[in-house]
Amino acid sequence: MRQAHEVLREVFGFGGFRGCQEAIVRAVTEGRNALVLMPTGGGKSLCYQIPALVRPGTCVVVSPLIALMRDQVEALKAFGVRAEVLNSSLPPDEQQRVEQALNGGELDLLYVAPERLMQRRMLGRLKQVQIALLAIDEAHCVSQWGHDFRPEYLQLGALAEHFPGVPRIALTATADVRTRDEIAASLFADGCEKFIDSFDRPNIRYKVQPRHNARSQLVDFIRREHAGESGIVYCLSRKRSEQVAGWLNAEGFTALPYHAGLDGDERRTHQDRFIREEGLIVVATVAFGMGIDKPDVRFVAHMDLPRSIEAYYQETGRAGRDGLPSDAWMVYGMEDVYRLRQMLAESGLSDERQRIERQRLEALLGYCEQSECRRPSLLGYFGETHAGDCGNCDNCIDPPKRVDATEPARMALSCVYRTGQRFGAGHLVDVLRGKESERVSSLGHDRISTFGLGAEQPPAYWHSLIRQLLAAGLLAADPDGHGGLRLDPSARELLRGDDSFRMRQDPPRKPAGKKRRGAPAKDLGPTEQKGFDSLRALRLEIAREEGVPPYVIFHDATLQALLAERPDSLDAMAGVQGIGRHKLEKYGQAFLDRLRSLDSGTSG
Ligand code: ADP
Ligand code: ZN
């Protein structure tokens with residue numbers, strides 16, 4: 001393990017391991033199999049990269065996406081690690097060069113796609129060289145239940161026979177028990193040690209608010225808290241992602257759409273720009289995300305409800321991989337619930353599966369409506385407990401008021417009942433508020449007892465209450481997705497007067513948040529900000545020259561550490577987080593000069 005610590009410090013420039021990393025590195029380095037569950041940003045890559053450098057031979061890394069492999073190899077090379085990738089998109093002479101390096105024992109890591117790895121020719125080639133270990137990244141791709149199923153992954157089970165005695169490590173950020181068991185069963189017939197890290201992402205701040213004017217809510221949020229920073233905005237449809245990107249561009253941000261309707265070239269260009277430029281926003285459908293390793297995504301915004309808490313957590317997890325403060329922000333409304341239900345009804349899934357998916361959706365609605373700390377509900381989904389009061393979610397920072405709403409809740413439920421349990425929130429609110437419309441009167445709903453009973457409250461109040469009744473399970477939405485609401489049997493007690501109901505008061509529409517300026521999500525004073533901007537500019541310059549993303553040179557966290565520690569020599573710089581030997585040699589002097597010029601600028 002002494003060697004492992006040395007590699008961690010000398011090559012990667014990190015002072016110590018995080019969480020389970022050390023135990024995992026030990027197991028694999030000593031030749032044992034490991035199944036690793038860690039959240040996005042938890043630091044999975046080091047778990048095989050360090051054993052790769054400590055054990056003799058080459059580490060073969062299986063990864064599902066070409067773009068992901070390319071980025072990882074790029075980042076490793078910047079640390080001076082001998083890594084290459086083999087895939088079908090390489091020109092033949094490149095392939096030959098890589099294969100020769102492999103044969104010559106000159107590679108620490110070789111990245112390959114699963115279908116390529118399992119080809120007889122490739123297996124034969126690998127059997128002739130020394131393999132240090134086999135790493136299977138994004139291992140949830142073996143799960144047929146999961147969302148990223150790749151049939152090629154199922155063949156990876158045979159690796160145990162092909163490479164007896166070579167340790168295997170499988171890694172994923174998808175943690176549900178079913179997927180976990182599937183991975184263990186298909187990849188580790190010969191057994192493995194399991195390492196399950198906490199799924200908490202303490203640097204991510206969760207914020208959820210009812211949608212009233214999506215455009216101005218989003219623009220406000222980005223302008224106030226993330227001007228000039230990179231972010232992902234998720235939408236449910238292609239059309240919507242085009243529209244939202246248009247809004248943002250009109251407001252002076254740089255935003256690019258990303259969805260399955262764009263052709264391959266355009267998608268690649270947009271993804272590439274997102275990775276290589278700073279301060280770009282991608283407005284995407286769920287097609288965007290896996291394979292984005294960008295560490296400095298400062299916010300993930302959801303304009304529409306995702307399908308489930310799991311999907312939400314996975315998508316929000318793409319924020320703040322570098323551990324710096326980041327936001328997961330979402331707006332939602334009843335129309336989301338209707339739309340998702342309709343999509344489900346038209347999905348062709350079995351009834352049983354649809355029922356499960358509906359429950360998942362309801363759980364997410366409950367999450368949106370809750371007024372306590374959000375972290376326990378999120379982590380509960382991964383079988384983890386959390387004491388609450390995290391201090392870093394909207395409900396902790398600005399606890400919503402809860403007020404007794406037993407009478408209004410009864411009114412709303414009774415309105416649902418008297419209109420025949422088949423109308424959606426819009427119509428129910430019209431009736432409750434006594435709207436004299438064609439539709440209301442033609443249905444005779446202006447003659448029922450709840451007509452106009454709630455006129456003194458604005459529509460938003462009733463919409464909120466109905467959502468909360470749905471989230472509390474007192475109302476149920478029709479499975480067909482047309483938006484009809486009916487009473488759940490559990491509503492009976494409240495209707496009879498044997499129960500009470502408290503509702504959360506929605507925050508005022510324009511929260512007076514404090515304005516946060518530019519770059520790092522950590523609040524910096526003006527001098528620090530200037531220094532940070534200057535280091536960022538230098539980084540971008542170097543990145544352009546080398547044709548790599550800026551974060552491959554140094555992460556934001558490293559720039560901040562440089563500013564905080566102000567090393568005055570290369571030796572002193574060697575101790576700064578994220579600066580290994582290779583990067584020190586390559587970039588040390590340039591950053592040292594820049595730091596000095598900052599000092600002379602501010603003192604003069
Ligand atoms: P994952 O693959 O689990 O999403 P990564 O391996 O990309 O996570 O690591 C996430 C970030 O954390 C990276 O920026 C990496 O450099 C950083 N990191 C990982 N381990 C450590 C450590 N022991 N000390 C400091 N930073 C670390
Ligand atoms: Zn909290």
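In the predicted model, aspartate 389 lies in the loop that links H17 to H18. The backbone of aspartate 389 adopts a phi near 50 degrees, a positive value in a residue other than glycine. With 71% relative accessibility, aspartate 389 counts as exposed, because the threshold for that class is over 50%. The following residue in the numbering, cysteine 390, has a relative accessible area of 23% and is partly exposed.

Cysteine 390 takes part in a metal site. The zinc ion (ligand 2) is held by the SG atoms of Cys373, Cys390, Cys393 and Cys396, which lie 2.4 Å from the ion. Along the chain these donor residues follow the spacing C-x16-C-x2-C-x2-C. The 4 donor atoms make angles of 100 to 119 degrees, and the site is tetrahedral. For comparison, the ideal angle for four tetrahedral donors is 109.5 degrees. The donors differ in their exposure to the surroundings: cysteine 393 is buried, with a relative accessible area of 0%, whereas cysteine 390 is partly exposed at 23%.

Cysteine 393 is also among the residues touched by arginine 374. Arginine 374 is placed in the loop between helix H16 (351-369) and helix H17 (375-380). The relative accessible area of arginine 374 is 0%, and the residue is therefore classed as buried. Beyond four places in sequence, the contacts of arginine 374 comprise Tyr206, Val208, Tyr367, Cys368, Cys393, Asp394, Asn395 and Arg504. Towards one of these residues, tyrosine 367, the side chain of arginine 374 makes an approach of 2.6 Å to the backbone oxygen.

Glutamate 384 occupies the loop between H17 and helix H18 (394-397). Its side chain comes to 2.5 Å from the backbone nitrogen of phenylalanine 199. These two residues are separated by 185 residues in sequence, yet their C-alpha atoms are 7.8 Å apart in space. When neighbours within four places in sequence are set aside, glutamate 384 is in contact with Asp197, Ser198, Phe199, Asp200 and Leu379.

Elsewhere in the model, an open sheet is built from 7 strands in the order E3-E4-E2-E5-E6-E1-E7, with parallel pairing. Strand E3 (83-86) and strand E7 (193-196) form the edges, each pairing on one side only. On average, neighbouring strands of this sheet are turned by 20 degrees against each other, direction ignored. Within the sheet, strand E2 (residues 58-62) and strand E4 (residues 109-112) run parallel and are joined by 4 bridges. In this pair, valine 61 is positioned opposite tyrosine 111 of E4.

Two helices that pack on the sheet may be described in turn. Helix H3 (residues 44-54) touches E2, E4, strand E5 (131-136) and strand E6 (168-172), and the direction of H3 makes about 160 degrees with that of E6. Helix H7 (residues 120-127) packs on the sheet through contacts with E2, E3, E4 and E5, and makes an angle of about 170 degrees with the direction of E4.

Helix H3 also contributes to the surroundings of helix H2. In H2 (residues 21-29), the buried residues are Gln21, Ile24, Val25, Ala27, Val28 and Thr29. Their cover includes helix H1 (2-10) and strand E1 (34-37), together with H3, E5, E6 and E7. Just after H2, glycine 31 adopts a positive phi of about 95 degrees.

Two further loop residues lie towards higher residue numbers. Proline 549 is located in the loop between helix H24 (526-546) and helix H25 (550-553). With a relative accessibility of 1%, proline 549 counts as buried, because that class covers values under 20%. Apart from neighbours within four places in sequence, proline 549 is in contact with Glu74, Ile275, Arg276 and Ala543. The C-alpha atoms of proline 549 and lysine 294 are separated by 8.8 Å, although the two residues are 255 residues apart along the chain.

Arginine 566 is located in the loop between helix H26 (556-565) and helix H27 (570-573). Its phi is near 45 degrees, a positive value in a residue other than glycine. At 34% relative accessibility, arginine 566 counts as partly exposed.

Key. Residues numbered from 1 in each chain as written. Chains lettered and ligands numbered in written order. Predicted model: local features only at pLDDT ≥ 70, side-chain atom pairs only at ≥ 80, totals over all residues. Heavy atoms only, no water. Buried < 20%, exposed > 50% of the residue type's maximum accessible area, 1.4 Å probe, protein only. Polar contact = N/O pair within 3.5 Å; in protein donor to acceptor, adjacent residues only side chain to side chain. Contact = heavy atoms within 4.5 Å. Donors = N, O, S within 2.8 Å, 3.2 Å for Na, K, Ca; no water. Tetrahedral: all angles 85-135°; square planar, octahedral: opposite > 155°, others 65-115°. Pairing = 2+ DSSP bridges. Axes fitted to C-alpha atoms, helices over the stretch in contact; angles between N-to-C directions.
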